Amino acid sequence: MTTLRALIAAGLVVATFGWAVAKLPAPAPLDEKANAAAEEKKAKDASAADAAKAAQARAEDRVAARYIAEQKAKGKTVTPQMGPSSQPAAAPAKAGMKAPAKKQ
């Protein structure tokens, strides 16, 4: 019986919340100052994300180097394997030279 009451109460909460959200008015359009502030915040968040990504990459490199050094101390040879998502950056083409043709 208590399970049935709990289900009914949960249904009423969900229905009431849905009705309340449906009644909310549309947000007002942003003015120039708000648009400028939003763009500034977006740029700031993007630079913070780039900094976090760079810090993550440095941490991963430190961990990998430490692991390789520990394995070398034990006498084991470790060759790091690159995953499909970690492709090395392509070298820029020299002027006057054609890029090698890809084999199909």
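Author: A helix, in this discussion, is a DSSP run of H or I with at least four residues, and helices are numbered from the N terminus. Please bear in mind that the structure above is a predicted model.

Reader: How many helices and strands does the chain have?

Author: The secondary structure of the chain comes to two helices and zero strands. Helix H1 covers residues 2-22, and helix H2 covers residues 32-74.

Reader: Which distance should the 43 residues of H2 span?

Author: One takes 1.5 Å for each residue, which gives an expected span of 63 Å for H2. The C-alpha atoms at the ends of H2 are 63 Å apart in the model, so the two values agree. Following H2 comes glycine 75, with a positive phi near 95°.

Reader: How should one read the spacing of residues along a helix?

Author: The general idea is that an α-helix has 3.6 residues a turn, so residues three or four places apart point the same way. In this structure, glutamate 70 and arginine 66 are both in helix H2, four residues apart, or about one turn of the helix. Their side chains meet in a salt bridge, with 3.2 Å from N to O.

Reader: How many salt bridges are there?

Author: The count comes to two salt bridges. Besides the pair just described, aspartate 45 and lysine 41 join their side chains in a salt bridge of 3.1 Å, N to O. Aspartate 45 and lysine 41 are separated by about one helical turn, because they stand four residues apart in helix H2.

Reader: Are aspartate 45 and lysine 41 buried or exposed?

Author: The cut-offs are needed here: buried means under 20% relative accessible area and exposed means over 50%, with partly exposed in between. Lysine 41, at 53%, is therefore exposed, whereas aspartate 45, at 40%, is partly exposed. In the other bridge, arginine 66 has a relative accessibility of 59% and so counts as exposed, while glutamate 70, at 37%, counts as partly exposed.

Reader: Which residues is glutamine 71 in contact with, leaving aside its neighbours within four places in sequence?

Author: Glutamine 71 is in contact with Lys76 and Val78. Glutamine 71 belongs to helix H2 and has a relative accessible area of 8%, so it is buried. Across the 104 residues of the chain, buried residues make up 1%.

Reader: What forms the nonpolar patch on the surface?

Author: The patch consists of Met1, Leu4, Ile8 and Leu12, which together have about 460 Å² of accessible area. One of these residues, isoleucine 8, is found in helix H1, and its relative accessibility of 49% makes it partly exposed.

Reader: What area does the chain expose?

Author: The chain exposes about 10300 Å², of which carbon and sulfur atoms supply 64%.

Definitions and conventions
Residues numbered from 1 in each chain as written. Predicted model: local features only at pLDDT ≥ 70, side-chain atom pairs only at ≥ 80, totals over all residues. Heavy atoms only, no water. Buried < 20%, exposed > 50% of the residue type's maximum accessible area, 1.4 Å probe, protein only. Contact = heavy atoms within 4.5 Å. Salt bridge = Lys/Arg side-chain N within 4 Å of Asp/Glu carboxyl O. Expected span 1.5 Å × (residues − 1). Patch = residues over 30% accessible without salt bridge, like charges linked within 9 Å, V, L, I, M, F, W, Y side chains within 5 Å. Areas by Shrake-Rupley, 256 points an atom, 1.4 Å probe, with all protein chains shown as cover.
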